[in-house]
Amino acid sequence: MASTLTRDPPALAFTHRFEPATKAGAAPLLLLHGTGGDEADLLPIGRMIAPGAALLSPRGQVSEGGMPRFFRRLAEGVFDEQDVVRRAHDLADFIGAARAAYGLAAPVAVGFSNGANIAAALMLLRPEALAGAVLLRAMVPLSDPPAGELPGTPVLMLSGAMDPIVPAENAARLATLLSARGAQVEHRTLPASHGLTSADLTAARDFIARIGKV
């Protein structure tokens, strides 16, 4: 499938790939890679879990030892929260510009690890940017987020029972935080580590099929 690669024009300030929809009525996906990934990483997953949907896949603008990320961290599992806030707003602005440029509805985010964390930050800081989210191995991105509402926003969180990076308590706290703002959160813990499994993809595909209409 042909896709468009855009490198940082003024209105779309993230290097990204865009694949237009081939199926009417499918909600667009915003694909957010993990540490060391790029704008191509999650395209195959997007095609698999939402056949025919438009795919918008930006590259994180932070480099950690040459590995792209969506925000800075101070250590593994310790986030630079000021940078999280800044980068979440930058990403939300990019989503708005991309929606205008490509004629998109509000997307459903599909984020893995660092990408899931920035998606969670978007929901806490700019809830209007997303129509829903699939958060794969997500953590709480902000210790004291501002008040906000996510009335009825569908969220699937998939955690790994043997994940050495994301503590179970932290993932549960994020699910509670999003639920308290009105999101419809489904949080499942799979028999997996930090990496993705076929069970993740099946669950994400089923979730998108239930909620992914525009």
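**Exercises on helix H5 and aromatic pairs**

In helix H5, the residues Asp200, Leu201, Ala203, Ala204, Phe207 and Ile208 are buried (under 20% relative accessible area; exposed is over 50%, partly exposed in between; 1.4 Å probe, protein chains only). The model is predicted, with local features needing pLDDT of at least 70 and side-chain atom pairs pLDDT 80 or more, while totals for chains, interfaces and linings use all residues. Residues are numbered from 1 along each chain, and side-chain values use heavy atoms, without hydrogens and water.

**Exercise 1.** State on which side of H5 the buried residues lie.

*Solution.* Step 1: the buried residues cover an arc of only 165° around the axis (directions from the axis to the C-beta atoms), so they sit on the same side of H5. Step 2: Ser198, Ala209 and Arg210, on the other side of H5, are exposed.

**Exercise 2.** Classify the aromatic pair of Phe14 and Phe94.

*Solution.* Step 1: rings of Phe, Tyr and Trp (its six-membered ring) pair if their centres lie within 6.5 Å; planes under 30 degrees apart are stacked, over 60 edge-to-face, the rest tilted. Step 2: the centres are 5.1 Å apart and the planes at 45°, so this pair is tilted. Step 3: Phe14 and Phe94 are both buried.

**Exercise 3.** Classify the pair of Phe18 and Tyr102, and compare the burial of each residue.

*Solution.* Step 1: with 4.0 Å between centres and 5° between planes, the pair is stacked. Step 2: Phe18 has 7% relative accessibility and counts as buried, whereas Tyr102, at 23%, is partly exposed.

Key
Helices (H or I, at least four residues) and strands (E, at least two) are DSSP runs, numbered from the N terminus.
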